[in-house]
Amino acid sequence: AKGVGSNVVGMTEHGARRTLVQFDLSKVPIGVEVKKVVLKIDVQHSKGEPKVELLRLTSPWSSGSSSGDGEGSSATNGDTTWKYRTYSSMPWNEVGGDFDPEVLSTEDSGFFGSTSQLESVMQDMILGVIPNYGFLLVGNEKEEVAFQTIGSMEGKRSEMPRLELEYETTEEEEEKSAVAVGRKHLLIRTRKLDDSDEPFNLTRCEEEAAAEQAALGGDGGGDKDGGDGGGGASDCQIEGAVENVGNQFFACFSGKNMVEVLGRGSVRMDSLEIGNSVLSANGHYTKVYGFGHYEKNQKSNYLQIQTDVKRQTTALEISDEHMVFVVVEGSTKSVPASSIKVGDTLLVTGSSSKVTEIKTVQRRGAYAPFTSSGDIVVSGVVASNYISMIPEKDLPFGVTMQWIAHTFNAPRRLLCSVNFRICENETYTKDGVSTWIDGPFQAGRWLAQQNHIVKMAGSGLLAAIMAVLFYSPLVLGFFLSSKLIKTTNKKKIM
């Protein structure tokens, strides 16, 4: 949504309204100690005693294509509404927004002053201990009429919400001050509190206010484009050349990725557990029955893929051979992440999204959850459970690696459905690979290194075996059910 005009917080004649605000903290240096945090808003009008409080949001949210003023407008797919954080497929756990009830700061004359609670939350967001889903501004909703009208990102620069950080670096440098105003992905949304599905009004600003952003480090060192500070690449994010960390063929996802877990909300990938139900491509939840790879200490290289979907608060971090789904001429196709280019269209929850940026990062930890559906929504992007071991041009009969891998795991899924305790007690090799797939994985690796003829013959044989394993139980079940129906009919005739 692209809300135009001012935002409103508190109780108006039309009902209560709240504002969501999010700042991009990704380029603030990780190794800093936060000393002071101040959020400034431009109060344009006030009535009664709004008593606006600042709370931390605990779930990601999105924005669609609708537009409206302070009274809202009809919701479109992807909008944030009172009931939905992504309209109309992903509801809030609690209507009105999911948030931590601890008040971080209270507004006074347009300032949310620094508090120990706010400083602690900001520190954890920068470190990645808690996800940065932004903040919720909530006014006095008990009074008959008590609200504030505040400036938005659509207004003048002086009216924009402004986050100011003061921090100390871990190195022997002087104290620095960071200002985030008009920065990339600075989002603000408001809406009327009622039972309708009108969206929060959204205002969005791309990278502006270069002078203010220069306060993040100016020309005194930072990333290649200057002005973002922080001493350049870190262990968190490394552009270009990265350390050679060995065979990364089966790393899959970094632990920093976010997944939606039924009953738990958004959690980091490294907190995901066997038995959890996670969001899948069709918008439903699917059970995690195992991990193809689970290793907390392995240092791995990942592609960090950012899309233009506004609910992607955390970029997808995925190994180059792991598969995602691209959308081409209205149809989807599973491809290795290494083939993705800026401008490609990826499948996301309920729609598609353009890739805007791809980087190489290095993390500790590698995770590859296996789900009943064969796919999983990771950091807002629909991804496969599997890697692409053999190019599709070397696969016969028009089959795909997605089909082969998912069919191969069918016996394991069947076993888990009969006795899930077996899967809960899954074991791994010293490299963190599931013992269930280690042998076939090594065989697949060998086959992938052979010439085209051997790969075609080997994958054809594998596909035939998979087809037999997959379809035989269906054929047998159909045959037995047909025999049972005939026997029952004979008894009725007699």
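Q: Is Glu-164 buried, partly exposed or exposed in this predicted model?
A: The model is a predicted one, so keep that in mind throughout. Buried means under 20% relative accessible area and exposed means over 50%. Glu-164 comes out at 21%, so the label for Glu-164 is partly exposed.

Q: Which residue forms a salt bridge with Lys-40?
A: Look for a carboxyl oxygen within 4 Å of the Lys side-chain nitrogen. For Lys-40, the closest N and O atoms of the pair are 3.2 Å apart, and the partner is Glu-164.

Q: How many residues apart in sequence are the parts that Lys-40 and Glu-164 tie together?
A: Lys-40 belongs to strand 3, which covers residues 32-40. Glu-164 sits in strand 12, residues 162-169. The pair therefore ties together parts of the chain separated in sequence by 124 residues.

Q: What is the relative accessibility of Lys-40?
A: Its salt-bridge partner is Glu-164, and that residue is partly exposed. Lys-40 counts as partly exposed too, with a relative accessibility of 26%.

Q: How many salt bridges does the structure hold?
A: Asp-270 and Arg-268 make one of them, at 3.0 Å from N to O. Lys-430 and Asp-431 also meet in one, at 3.7 Å. Over the structure, the total is 15.

Q: Does Lys-430 count as buried or exposed?
A: Its salt-bridge partner Asp-431 is partly exposed, at 43%. Lys-430 has a relative accessibility of 76%, and the cut-off for the top class is over 50%. That makes Lys-430 exposed.

Q: What is the relative accessible area of Asp-270?
A: Asp-270 meets Arg-268 in a salt bridge, and Arg-268 counts as partly exposed at 24%. Asp-270 is partly exposed as well, with a value of 23%.

Q: Which residue is linked with Glu-33 and Glu-168 in a network of salt bridges?
A: A salt bridge needs a Lys or Arg nitrogen and an Asp or Glu oxygen. Glu-33 and Glu-168 are linked in a network with one further residue, Lys-35.

Q: Which residue forms a disulfide with Cys-416?
A: There is 1 disulfide in the structure, and the cut-off is a sulfur pair within 2.5 Å. The sulfur of Cys-416 lies 1.5 Å from that of its partner, Cys-423.

Q: Is the disulfide of Cys-416 and Cys-423 left-handed or right-handed?
A: Both cysteines are buried, Cys-416 at 5% and Cys-423 at 0%. For handedness, check the torsion about the S-S bond: it is about -70 degrees, so the disulfide is left-handed.

Q: Is the aromatic pair of Phe-291 and Tyr-294 stacked or edge-to-face?
A: A search of the whole structure turns up 6 aromatic pairs. In this one the rings are 4.9 Å apart, centre to centre, with 70 degrees between the planes. Planes over 60 degrees apart put a pair in the class edge-to-face.

Q: What is the relative accessible area of Phe-291?
A: Its ring partner Tyr-294 counts as partly exposed at 24%. Ring pairs also link these two with Tyr-367 and Tyr-428 in a cluster. Phe-291 itself is buried, with a value of 2%.

Q: Which ring does the charged end of Lys-287 sit over?
A: The charge has to be within 6 Å of the ring centre. The charged end of Lys-287 is 4.7 Å from the centre, and the ring is that of Phe-420.

Key
Residues numbered from 1 in each chain as written. Predicted model: local features only at pLDDT ≥ 70, side-chain atom pairs only at ≥ 80, totals over all residues. Heavy atoms only, no water. Buried < 20%, exposed > 50% of the residue type's maximum accessible area, 1.4 Å probe, protein only. Phe/Tyr/Trp six-rings, centres within 6.5 Å; stacked < 30°, edge-to-face > 60°. Lys NZ or Arg CZ within 6 Å of the ring centre and 35° of its normal. Helix = DSSP H or I, 4+ residues; strand = E, 2+ residues; numbered from the N terminus.
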